[in-house]
Amino acid sequence: MAEQLRLDKLLADTGLWSRKEARELIRRGQVTVDGAVVRRPEAKVDPARSALTAAGQPVQWQKYTYIMLNKPVGVLTATEDRRQPTVLDLLPPELRRRELRPVGRLDKDTEGLLLLTDDGAMAHRLLSPKSHVDKVYCAETEGTVDEDDIAAFAAGMTLEDGLVCQSAGLERLGPGRCLVTLREGKFHQVKRMLAARGKPVRALKRLSMGPLALDSALAPGAWRPLTEEELRQLREEMDSCLRK
Ligand code: URA
């Protein structure tokens, strides 16, 4: 059966407007359904069958929400915490009401790309070790990585505490700066691998996850929905992983 949703909810579901903003847009006559202006926020629409525009732009409704966040330092990758701010606290109320979960975890003192979604299947696939999704980090270290460190990362490392790390990419960017590429996501992995090489991490930022790169226009703490193209690339990557 066709899914009928309230027009204001449908617009707010995109994450581009709050419910209140969506209602205002609709009442101002800035929203069309199949070419006709609709001024009732409570009007029921089947998003799969109707063409929508808002403020002159086509609106793509999606069943799930996908948010790119530039996680700032000092915020927990969690959905709730009694004492400390979490990544969900950075989102507006209409998005906080959804069942968004962070895909993977960044430490409190790590910043950068974090994907939040209510698409559990996509999250599961992105995190599965079978998917081999590359995660790229920029690290500032005490000391500068050298050829021996690069070779040790490439060979894979077993740390003193027994943690087995698969082959990883390491590239020197300049004095005290390097790029680390991991296919897995073990607890504090970048910090532990670099510390094991005598190059403790001073600051860490995730730049990308598979085909998804942190939007340089997002200041720390800022977010935006994924674009259609980003979603298409993510889905394509997941499909190609399954075929491998
Ligand atoms: N590796 C770390 O050490 N910390 C992170 O937050 C992510 C990867």
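The questions and answers below concern the pockets, the ligand surroundings and two backbone angles of this predicted model.

Me: Which space does the ligand take?
Reply: The largest pocket of the predicted model holds about 440 Å³ of space, and it is lined by 27 residues, with Arg105, Tyr137, Glu184, Gly185 and Lys186 closest to its centre. The space taken by the ligand is the largest pocket.

Me: Which helices and strands each supply at least two residues of the lining of the largest pocket?
Reply: By class, the lining of this pocket is made up of 11 nonpolar, 8 polar and 8 charged residues. The elements that each supply at least two of the lining residues are two helices and two strands, namely α4 (120–127), α6 (189–196), β10 (135–141) and β15 (201–209).

Me: Which element gives the most to the shell around the ligand?
Reply: The residues around the ligand are Leu106, Asp107, Thr110, Tyr137, His188, Gln189, Val190, Lys191 and Leu204, and by class this shell has 4 nonpolar, 3 polar and 2 charged residues. With 3 residues in the shell, the element that gives the most is α6.

Me: How much of the accessible area of the ligand does the protein cover?
Reply: Polar atoms of the protein approach the ligand at several points: a side-chain atom of Thr110 lies 2.9 Å from a ligand oxygen atom, a backbone N or O atom of His188 lies 3.3 Å from a ligand oxygen atom, and a polar backbone atom of Val190 is 3.2 Å from a ligand nitrogen atom. Of the 240 Å² of accessible area that the ligand has on its own, the share covered by the protein is 95%.

Me: What is the value of phi in His188, and where does this residue lie?
Reply: His188 is among the residues around the ligand, and its backbone supplies an N or O atom 3.3 Å from an oxygen atom of the ligand. Its phi is near 50 degrees, a positive value in a residue other than glycine. His188 lies in the loop between β14 (177–182) and α6.

Me: In which loop is Asp34 found?
Reply: Asp34 is a residue other than glycine with a positive phi, near 50 degrees. As for its place in the chain, Asp34 is found in the loop between β2 (31–33) and β3 (36–37).

Me: What is the volume of the second largest pocket?
Reply: The second largest pocket is lined by 15 residues, and those nearest its centre are Leu16, Gln60, Gln62, Pro225 and Leu226. By class, its lining has 7 nonpolar, 5 polar and 3 charged residues, while β6 (57–59) and β17 (223–225) each supply at least two residues of that lining. The volume of the second largest pocket is about 280 Å³.

Conventions. Residues are numbered from 1 along each chain as its sequence is written. This is a predicted model: local features need pLDDT of at least 70, side-chain atom pairs count only at pLDDT 80 or more; totals for chains, interfaces and linings use all residues. Side-chain values use heavy atoms; hydrogens and water are left out. On a 1 Å grid over the protein atoms alone, a cavity is a set of points where a 1.4 Å probe fits but cannot get out, and a pocket is an open set with protein on both sides within 12 Å along at least five of seven lines; lining residues have an atom within 4 Å of a point. Grid points are joined across faces, edges and corners, and a volume is the space filled by probe spheres set on the points. Helices (H or I, at least four residues) and strands (E, at least two) are DSSP runs, numbered from the N terminus. Ala, Val, Leu, Ile, Met, Phe, Trp, Tyr, Cys and Pro count as nonpolar, Asp, Glu, Lys and Arg as charged, and the others, Gly among them, as polar. A residue is near a molecule or strand if one of its heavy atoms lies within 4 Å of it. A polar contact is a pair of N or O atoms within 3.5 Å; within protein, one must be able to donate a hydrogen and the other to accept it, and residues adjacent in sequence count only if both atoms are side-chain atoms. Accessible areas come from the Shrake-Rupley method with a 1.4 Å probe; for residues, only the protein chains shown count as cover. A molecule sits in a cavity or pocket if more than half of its atoms lie within 2 Å of its grid points.
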